[in-house]
Amino acid sequence: MAWTTTPWTLPSNLALAVNPTLDYVRWKNNATEKVYICMKARLDYVLKQGKVTEHTILEEFKGEVLVGKRYEPLFGFYEARRNDGCFSVLGASWVTAESGTGVVHCAPGFGEDDYSVCVSAGIIQPGKAPVPID
């Protein structure tokens, strides 16, 4: 479950960020049988927002377990960049337990933290963040 404060940047998503040192959970919504991942400290918030009344924790682990995992993007605009490392989970200490889901959407053309983590991971070259709007 990725979180953003800027949903209009979702078409420019190139990565997700998690905090490698914090705890995450894989959990199941018992009503729908769907399985999700979020930061353990944010689970109560996520459940409340989704109006989930019954759930099952399937697994608990540190965020570092997610680093390097791949995912399917919401939009395929940058699918050709998959071999550049796009659509992978990156470790970032700036992901906190204070808000959201603990999994942060990264659009490097629209945020300093997003930009820095994507440059560090080699997903984009400095000064080359895609910005598909004017």
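Where does Trp8 lie relative to strand 1? I looked this up in the predicted model and found Trp8 in the segment before strand 1, which spans 15-18.

**Entry: Trp8 and the surface**

I checked whether Trp8 counts as buried or exposed. Its relative accessibility is 53%, so I entered Trp8 as exposed. I then looked for surface patches that include Trp8. Together with Val131 and Ile133, Trp8 makes a nonpolar surface patch of about 320 Å².

**Entry: Ser12**

I moved on to Ser12, which also lies in the segment before strand 1. Ser12 has a relative accessibility of 3% and therefore counts as buried. What does Ser12 touch, leaving out residues up to four places away in sequence? I listed Tyr78, Cys106, Ala107, Pro108, Phe110 and Pro132 as its contacts.

**Entry: strand 1**

I next looked at which way the side chains of strand 1 point. Ala15 and Ala17 point one way, while Leu16 and Val18 point the other way. I noted all four residues as buried. This fits the general pattern, because side chains in a regular strand alternate between the two faces of the sheet.

Which strands pair with strand 1, and in what sense? With strand 5, residues 88-91, I found parallel pairing over 4 bridges. Within that pairing, I recorded Leu90 of strand 5 as the bridge partner of Ala17. With strand 6, residues 104-106, the pairing is antiparallel and runs over 3 bridges. There I found His105 of strand 6 opposite Leu16.

**Entry: cysteines**

How many disulfides does a search of the whole structure find? I got 0. A disulfide is a covalent bond between the sulfur atoms of two cysteines, so I went through the sulfur distances.

Why is Cys38 without a bond to Cys106? The closest cysteine sulfur to that of Cys38 is the one in Cys106, and at 17 Å it is too far away for a bond. Cys38 is at 0% relative accessibility, so I entered Cys38 as buried.

Cys106 is in no disulfide either. I found its nearest cysteine sulfur in Cys118, at 5.2 Å. The cut-off I applied is 2.5 Å between the two sulfur atoms. Cys106 also counts as buried, because its relative accessibility is 0%. I had already met Cys106 among the contacts of Ser12.

Methods:
Residues are numbered from 1 along each chain as its sequence is written. This is a predicted model: local features need pLDDT of at least 70, side-chain atom pairs count only at pLDDT 80 or more; totals for chains, interfaces and linings use all residues. Side-chain values use heavy atoms; hydrogens and water are left out. Patches are made of residues with over 30% relative accessible area and no salt bridge: like charges are joined within 9 Å, nonpolar side chains (Val, Leu, Ile, Met, Phe, Trp, Tyr) within 5 Å. Accessible areas come from the Shrake-Rupley method with a 1.4 Å probe; for residues, only the protein chains shown count as cover. A salt bridge is a side-chain nitrogen of Lys or Arg within 4 Å of a carboxyl oxygen of Asp or Glu. Helices (H or I, at least four residues) and strands (E, at least two) are DSSP runs, numbered from the N terminus. Buried means under 20% relative accessible area, exposed over 50%, partly exposed in between (1.4 Å probe, protein chains only). Contact means heavy atoms within 4.5 Å. Two strands pair if DSSP finds at least two bridges between them.
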